[in-house]
Amino acid sequence: MTDSASRQTHFGFQSVAEEDKAGLVHGVFSSVASKYDVMNDLMSVGIHRLWKTAMMDWLAPRDGQRLLDVAGGTGDIAFRFLDRAPGASVTVCDMTESMLVEGRKRAEAGRLADRLSWVTGDAMALPFADASFDRYTISFGIRNVTRIPDALAEAFRVLRPGGRLMVLEFSQLPVPALQWAYDRYSFNVIPPLGQLVASDRDSYQYLVESIRRFPDQESFAAMIGDAGFERVQYRNLSMGIAALHSGWKL
């Protein structure tokens with residue numbers, strides 16, 4: 001079918017029309033926004049903090065840089081970037097206003113307010129001019145985008161020549177036995193935990209399913225290259241539970 005209105009994509013393990021996915025994802029994150037940071041700590045036993053530290057280590061923030069952090073509503077990446085580069089500036093862009101509201105509530109948001117801006121926007125159609133940023137990050141957000149190639153193309157567009165993309169996302173373990181054990185944990189623990197902590201089992205069921213639908217490390221690296229980025233590399237974190245992908249606009 002060529003009619004875009006009839007194209008299908010995935011929402012977790014469900015097949016949905018492309019035009020419906022953004023609204024469904026928006027509903028998920030509107031529902032979990034107030035418990036998002038707490039649930040990240042509980043689901044990963046705090047390990048997501050180490051992954052984000054590894055992201056900053058590889059990204060190496062510098063004063064004077066302009067970072068665009070997409071799907072970064074609660075500010076975790078933005079705050080870490082500015083703590084390492086006090087002379088930098090960050091724009092946090094998220095499609096879900098309630099996530100941005102939670103980010104603005106955090107103490108760091110007040111302390112860093114003069115270097116931070118918060119914008120509601122879609123990763124596939126960013127509300128920024130060409131070549132506006134030195135760095136683009138997206139952490140645990142790109143798997144929720146309806147058309148990932150469109151989001152990568154937008155990342156390439158808004159980066160200046162010499163700019164860098166970095167993606168932190170859940171990925172695939174290369175050892176089948178470990179993947180099997182991780183799947184058992186994910187499907188049997190995380191949705192009930194979401195029900196207990198956030199009173200929302202369905203949203204966390206979707207989040208677990210969305211991880212399984214995301215491309216493996218090599219496939220995603222190829223997508224980044226197809227978007228025009230060069231020197232594409234990735235690093236596995238926690239044996240591949242998550243991965244960092246890096247690419248440069250040269």
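## Reading buried charges and ring pairs

Biologist: Glu169 caught my eye straight away, as its relative accessible area is 2%, so Glu169 is buried. What kind of model is this?

Modeller: Good place to start. This is a predicted model, and Glu169 gives us a nice way into the theme of charge.

Biologist: Then which side chain meets Glu169 in a salt bridge?

Modeller: The general idea is that side chains of opposite charge can pair when their charged atoms come close. Here the partner of Glu169 is Arg143, with 2.7 Å from N to O. Glu169 belongs to strand S7 and Arg143 to the loop between S6 and helix H7 (148–158), so the pair ties together parts that are 26 residues apart in sequence. Arg143 is buried as well, because its relative accessible area is 5%, and the cut-off for buried is under 20%.

Biologist: How many salt bridges are there by this rule?

Modeller: The count comes to 15 salt bridges. Some share partners: Lys52, Asp76, Arg106 and Glu108 are joined into one network.

Biologist: And how is Arg160 paired?

Modeller: Arg160 forms a salt bridge with Asp134, and their closest N and O atoms are 3.1 Å apart. Distant parts of the chain are linked by this pair, with Arg160 in strand S7 and Asp134 in strand S6 (residues 133–139), 26 residues apart. Arg160 is partly exposed at a relative accessible area of 29%, whereas Asp134 counts as buried at 16% relative accessibility.

Biologist: Let me try Arg104. What is its salt-bridge partner?

Modeller: Glu97, with the closest N and O atoms 3.2 Å apart. Glu97 is partly exposed at 35% relative accessibility, and Arg104 is partly exposed at 36%.

Biologist: Now the opposite case. Asp94 is buried yet has no salt bridge. How far away is the nearest side chain of opposite charge?

Modeller: That side chain is Arg104, and it is 10 Å away from Asp94. When a buried carboxylate lacks a salt bridge, a useful habit is to look at polar atoms around it. The side chain of Asp94 has a polar atom 2.9 Å from the backbone nitrogen of Thr96, and a polar atom of the Asp94 side chain also lies 3.0 Å from the backbone nitrogen of Gly73.

Biologist: Where does Asp94 sit in the fold?

Modeller: In strand S4 (residues 89–94). Its relative accessibility is 5%, so Asp94 counts as buried. Beyond its neighbours within four places in sequence, Asp94 contacts Ala71, Gly72, Gly73, Met99, Leu100, Val119, Thr120 and Gly121.

Biologist: Which residues does the UniProt annotation "binding site" cover?

Modeller: According to that unreviewed entry, Thr74, Asp94, Asp122, Ala123 and Ser139. Thr74 is found in the loop between S3 and helix H4 (76–84), and Thr74 counts as buried at 5% relative accessibility.

Biologist: What about Asp69, another buried residue with no salt bridge?

Modeller: Read it the way you read Asp94. Asp69 is in strand S3 (residues 66–70), and the nearest side chain of opposite charge, Lys52, is 8.8 Å away. The side chains of Asp69 and Thr137 are joined by a polar contact of 2.8 Å. Apart from neighbours within four places in sequence, the contacts of Asp69 include Ile77, Val90, Cys93 and Ile138.

Biologist: On to the rings. How many aromatic pairs does the rule give?

Modeller: For ring pairs, look at centre distance and the angle between planes. The count here comes to seven aromatic pairs. Take Trp51 and Phe170: their centres are 6.0 Å apart and their planes at 85 degrees, so the pair is edge-to-face. Trp51 is in helix H3 (residues 47–59) and Phe170 in strand S7 (residues 159–170), 119 residues apart. Both rings belong to buried residues, Trp51 and Phe170. With Phe140, these two are linked by ring pairs into a cluster.

Biologist: How is the pair of Phe79 and Trp118 arranged?

Modeller: Edge-to-face, at 6.3 Å centre to centre with 65 degrees between the planes. Phe79 lies in helix H4 and Trp118 in strand S5 (residues 116–120), so parts 39 residues apart in sequence are tied together. Phe79 and Trp118 are both buried.

How values were computed. Residues are numbered from 1 along each chain as its sequence is written. This is a predicted model: local features need pLDDT of at least 70, side-chain atom pairs count only at pLDDT 80 or more; totals for chains, interfaces and linings use all residues. Side-chain values use heavy atoms; hydrogens and water are left out. Helices (H or I, at least four residues) and strands (E, at least two) are DSSP runs, numbered from the N terminus. Buried means under 20% relative accessible area, exposed over 50%, partly exposed in between (1.4 Å probe, protein chains only). Lys and Arg count as positive and Asp and Glu as negative; His and the chain ends are not counted. A salt bridge is a side-chain nitrogen of Lys or Arg within 4 Å of a carboxyl oxygen of Asp or Glu. A polar contact is a pair of N or O atoms within 3.5 Å; within protein, one must be able to donate a hydrogen and the other to accept it, and residues adjacent in sequence count only if both atoms are side-chain atoms. Contact means heavy atoms within 4.5 Å. UniProt positions are given in the numbering used here, feature names are shortened, and annotations may be inferred rather than shown by experiment. Rings of Phe, Tyr and Trp (its six-membered ring) pair if their centres lie within 6.5 Å; planes under 30 degrees apart count as stacked, over 60 as edge-to-face and the rest as tilted.
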